[in-house]
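Dear colleague,

I am handing over the structure below, together with a description of what was found in it. Please read the text with the structure open beside you.

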Amino acid sequence: MTELEQFAAPGSEWWRSAVIYQIYPRSFADASGDGIGDLPGITGRLDALQELGIDAIWLSPFMTSPQKDAGYDVADYRDVDPIFGTLADFDEMLAQAHARGIRVIVDLVPNHSSDQHAWFQEALKAGPGSRERARYVFRDGRGENGELPPNNWESVFGGGMWQRVTEADGTPGQWYLHIFDATQPDFDWTNEEVKEEFRSILRFWLDRGVDGFRVDVAHGMVKEAGLPDYAPVADADSMGGGEENVPYWGQDGVHDIYRDWHQVMAEYDGDRALCGEAWLPTLKKTALWVRPDEMHQTFNFPYMMTEWDAAKIRDIIRESLDEFGKVGAPSTWVLSNHDVIRHASRLALTADSPQGDGIGPLSAGKPDPSAGLSRARAATTAMLALPGSSYLYQGEELGLPEAMEIPDEFRQDPTWFRTNGERYGRDGCRVPIPWESGAPAFGFNTTGDSWLPQPGEWATFARDVEQADATSTLNLYKELLRLRRERDLGIGSLVWEDLGEQTVAFRRGDLHVAVNLGDAPLELGDDVTFVVQSQPFDGTALPTDHATWYTKG
Ligand code: NOJ
């Protein structure tokens, strides 16, 4: 046995150990019946989340938006988009969540706005050199007549990162930068007005009572001075990662912004928290986002993107606890979100699928559904025993797989359009979730409309079906969350155990955790008492792709 003990950073703030459930509002529950989920829909389903046993919810954006990137293109940061409801609906949802002991984190999108934001419209009208244009990244083009983009950067969603505008007099004009879609112009974060505006937006939501923010593209807001040419390495994660020095990812200047925001958060009571979405090449670099005077959490994407390989999983857990521990922050753990293939499919893919490409009807390497579900249940069983905070993505508690057969005409991810269908994009993990097997749209609403079609076989994943089945994924999650709370597993230390090369094994006090990634069953000994099994099995040998929590003696 290796007696290497690793601690999650100590401290009592709620976010150090919380299990946070991501709600993707357009696909969670639809009270209005228009086929797109909404805030009253969420309020109506909070009991189910309380019953699940999570500590907090994070809502993907519901602010005013033309929805060119599913709300990550915000036109008004201080209002609710009519498709999701009203500010009063938000206040009601927040109050109802708090009444159930559930904290609420909202998504903040500070790297870019929508091109329909008043500031961007003013910038278009005001022309080159104006104060209005200085809030965004406008530049003259290269070439004799400015007909070439200012540099060679490539958008995350495909195509170039620059869009040329037509000036008020009808002539071809300057270019503006957009890391994502052309409808998502980047702010210039060296601009004082931008900084002041976002402090005010933070306060707007903090005053309403939110418990924190998930900060979109937290690694992209500052660009290297001079905007030097850069072509990404072929296998870079599309949202970042890849190489160490990318002129638009992970620039040092971002840290000043978070130090500033940290102060704003500290003005409020209740341990309000910032969680950064920062795709970076290493955990060492990621940990810089959560130094004591910066953000409180950051997503652990290197963990999420680790393949189903025992040695790699052990290494990434070890490194996560080390690197975050060094800066006094908890590690976070996450297996699925609205940008990646659901882990019940991803963990059994047999061909590469880079982040953001998705998987569709013609993709190679589609997963075996039963292996995928086994691995997903095992992975989650291990994750929820780790010290730190865990993120869950709506529908994973039902074991939902990726929707892989969405017909082309329904696709909405800008990636699909900007690459002419070469990359499917992220629609497959965003399909509205099933609540009742026999109801229209599986209980997502009462009309049967759904902005993305739901696979027919999702009837078997519906919450009411799983609720009634003691061995369902839903009941596994409930049991894991109940025991995690009872045993306070979110804080404290972990002792590694050596049960063989193909296993991930550690101990939390008297509770042993083991995952078997090998081909053969793993004998655990006669003196084991199983506390949880990721899937039911007989005897004392842990089958392939299974995990368990157990005690001995
Ligand atoms: C990251 C978000 O998670 C993703 O969904 C979005 O498309 C980009 N940021 C742009 O805001």
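Asp545 is a good place to begin, and its relative accessibility of 8% means that it counts as buried, because the cut-off for that class is under 20%. Please keep in mind throughout that this is a predicted model. Asp545 is found in the loop between strand 20, which covers 541-542, and strand 21, which covers 546-552. Its backbone also deserves a look, since the phi of Asp545 is near 60 degrees, a positive value in a residue other than glycine. As background, most residues other than glycine have a negative phi.

A second residue with this backbone feature is Asp271, which is not a glycine either and has a positive phi of about 50 degrees. Asp271 lies in the loop between helix 6 and strand 11, and at 40% relative accessibility it counts as partly exposed. The loop that runs between helix 6 (254-266) and strand 11 (273-276) also holds Arg272. Arg272 is buried, with a relative accessible area of 13%, and its side chain reaches the backbone oxygen of Val210 at a distance of 2.9 Å.

Next comes the ligand and what lies around it. How many residues surround the ligand? There are 13 of them, and the closest are Asp69, Asp216, His338, Asp339 and Arg426. Sorted by class, this shell is made up of four nonpolar, two polar and seven charged residues. The space taken by the ligand is the second largest cavity.

Several side chains come within reach of oxygen atoms of the ligand. In Asp216, a polar side-chain atom lies 2.6 Å from an oxygen atom of the ligand, while for His338 the distance from an N or O atom of the side chain to a ligand oxygen is 2.8 Å. Arg214 likewise has a polar side-chain atom that lies 2.9 Å from an oxygen atom of the ligand. Taken alone, the ligand exposes 300 Å², and the protein buries 100% of that area.

Another polar contact to examine is the one between the side chains of Arg463 and Glu397, at 2.5 Å. Arg463 lies in helix 13, and at 7% relative accessibility this arginine counts as buried. Helix 13 spans 463-467, and the loop between helix 12 (414-418) and helix 13 is where Thr447 is found. Is Thr447 buried or partly exposed? With a relative accessible area of 43%, Thr447 is partly exposed, because this value falls between the limits of 20% and 50%. Thr447 and Lys68 are 379 residues apart in sequence, and their C-alpha atoms are 25 Å apart in space.

The remaining residues are buried ones, each described with a partner elsewhere along the chain. Met239 is found in the loop between strand 10 (212-215) and helix 6, and at 5% relative accessibility it counts as buried. Met239 and Gly220 are 19 residues apart along the chain, with a separation of 9.2 Å between their C-alpha atoms.

Ser27 lies in the loop between strand 2, residues 19-23, and helix 1, residues 39-44. Its relative accessible area is 0%, so Ser27 is buried. From Ser27 to Gly37 there are 10 residues along the chain, and the C-alpha atoms of the two are separated by 5.1 Å.

Ala505, finally, has its place in strand 16, which is formed by residues 503-508. What is the relative accessibility of Ala505? The value is 0%, and Ala505 therefore counts as buried. Thr548 is 43 residues away from Ala505 along the chain, and the C-alpha atoms of these two residues are separated by 9.7 Å.

If you would like an order for looking through the model, you could start with the ligand and the residues closest to it, Asp69, Asp216, His338, Asp339 and Arg426. From there you could turn to the loop that holds Asp271, and then to the contact between Arg463 and Glu397.

With best wishes

Note on methods
Residues are numbered from 1 along each chain as its sequence is written. This is a predicted model: local features need pLDDT of at least 70, side-chain atom pairs count only at pLDDT 80 or more; totals for chains, interfaces and linings use all residues. Side-chain values use heavy atoms; hydrogens and water are left out. A residue is near a molecule or strand if one of its heavy atoms lies within 4 Å of it. A polar contact is a pair of N or O atoms within 3.5 Å; within protein, one must be able to donate a hydrogen and the other to accept it, and residues adjacent in sequence count only if both atoms are side-chain atoms. Accessible areas come from the Shrake-Rupley method with a 1.4 Å probe; for residues, only the protein chains shown count as cover. On a 1 Å grid over the protein atoms alone, a cavity is a set of points where a 1.4 Å probe fits but cannot get out, and a pocket is an open set with protein on both sides within 12 Å along at least five of seven lines; lining residues have an atom within 4 Å of a point. A molecule sits in a cavity or pocket if more than half of its atoms lie within 2 Å of its grid points. Ala, Val, Leu, Ile, Met, Phe, Trp, Tyr, Cys and Pro count as nonpolar, Asp, Glu, Lys and Arg as charged, and the others, Gly among them, as polar. Helices (H or I, at least four residues) and strands (E, at least two) are DSSP runs, numbered from the N terminus. Buried means under 20% relative accessible area, exposed over 50%, partly exposed in between (1.4 Å probe, protein chains only).
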